[in-house]
Amino acid sequence: MQLDNFLYDLLQTPSPSGMEADIQKKWLQYVKPHAQSLHTDGAGNAYAVHHPDASFRVAVAGHCDEIGFMVKAIDNNGYIYVEKLGGISHKPALGMKVTIFGTHGRLTGVFGTKAEHHGGAKDDFSFSDLFIDCGASSKEEVEAFIEAGDTAVYKREPEGLLNNRISGRGLDNRTGAFITAEAFRRLENRLQPDVGMHAVSTVNEETNMGGAYFAGAGIAPDLAIAVDVTFATDYPGAVSEKTTDVKLGGGPVLAKGAPINQKANDLLKQAADESGIPVQYELTPRSTGTDADQLRKTARGVPVALVSLPLRYMHAPVETVSLDDIEQAIELLVSFFTRLQGNENLKPVSLDDLED
């Protein structure tokens, strides 16, 4: 699979958590020709629906926001200090370029770092030691563009690597928003009439997961599938006895654990087997750390499953995935949905199971 134009467009569209409007417009524009219903909500989520009146509703959610930085202070010399926006680390930041989305205009800056000739960065440096240099010489010069609370992301373009792999910032989880939209597009006119597919590009997953909660509450689905990324373990230093082995190119990853509905997982595995799609597994004993955790708490309690994309270097500016895995994740969802009849009973325990 070539680097899809829509995927590339999403990856080039900054979407720091809380500022997802631009990427949501592109997501909606992509799915619009294929949807019977299209809408948004007050949280910022974007929805596309096949068979909106169907009795059996399945929500498929991939979040579109990315981690980043938030401006907290500007000193008298024009240097900018930042706070975390989501689970971002200070360690990869030194020497990196950023784009700041100022209230009064965008600025390009760099995270400054002490020259190695002068001792280099201290070993125990912390997030509060980071500063952004925009080339300004005064606080007033910077304040003509930005103010406290403005956001920033690394200035990074997606790069193609060997073996049909790509690297860049924010693949977590704009790849999930892409997979959701592309599966939705391919499923046009292919669903049983009793099956309603509610594709959602959710917001705020990296900071508070509110988007997923409001999506689940609004749809009240019979089943929800979160589409996200998970930790690949196929690079030096990544393998741990506490995790399962997950590798790039090994196919999409299904979760096993207390939050996951086993019947839905079985249907996903059956769809994968019948379509010749390899799957891998991760363990989520307590929670998944994804939108699935909030989706399952809505309505009367929603059965959930999780389909994840293997990803190296989580939350670094060089996150890396396989385009082959992306394609197989899309095909897994397509295969799964085309097999649904709309009368599936996903309750772990049903009264029908009782003996007379």
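**Note on a three-stranded sheet and its helices**

1. In this predicted model, strand β11, residues 165-168, is paired with β17 through four bridges, and the two run antiparallel. Within this pair, Ile 166 lies opposite Val 321 of β17.

2. The pair belongs to an open sheet of three strands, ordered β10-β11-β17, and the pairing is antiparallel. β10 (159-161) and β17 (319-322) are the edge strands; each has a single partner strand, so one side of each has no neighbour in the sheet. From one strand to the next, the twist averages 30 degrees.

3. Helix α4, residues 171-186, packs on the sheet and touches β11 and β17. The direction of α4 makes about 30 degrees with that of β17.

4. Helix α8, residues 323-339, also packs on the sheet, where it touches β11 and β17. For α8, the angle to the direction of β17 is about 60 degrees.

5. Helix α8 has a helix partner as well: its axis and that of α6 (residues 262-275) come within 9 Å, crossing at roughly 110 degrees. Angles of 65 to 115 degrees count as roughly perpendicular, and α6 and α8 are therefore roughly perpendicular to each other.

6. On the α6 side, the contact is made by Ala 264, Leu 267, Leu 268, Ala 271, Ala 272, Glu 274 and Ser 275. Helix α8 contributes Leu 332, Ser 335, Phe 336 and Arg 339. By type, the residues of this contact between α6 and α8 are seven nonpolar, two polar and two charged.

Note on methods: Residues are numbered from 1 along each chain as its sequence is written. This is a predicted model: local features need pLDDT of at least 70, side-chain atom pairs count only at pLDDT 80 or more; totals for chains, interfaces and linings use all residues. Side-chain values use heavy atoms; hydrogens and water are left out. Two strands pair if DSSP finds at least two bridges between them. Axes are lines fitted to C-alpha atoms, for helices over the stretch in contact, and angles run from 0 to 180 degrees between N-to-C directions. Contact means heavy atoms within 4.5 Å. Angles under 35 degrees count as roughly parallel, over 145 as roughly antiparallel, 65 to 115 as roughly perpendicular and the rest as oblique. Ala, Val, Leu, Ile, Met, Phe, Trp, Tyr, Cys and Pro count as nonpolar, Asp, Glu, Lys and Arg as charged, and the others, Gly among them, as polar.
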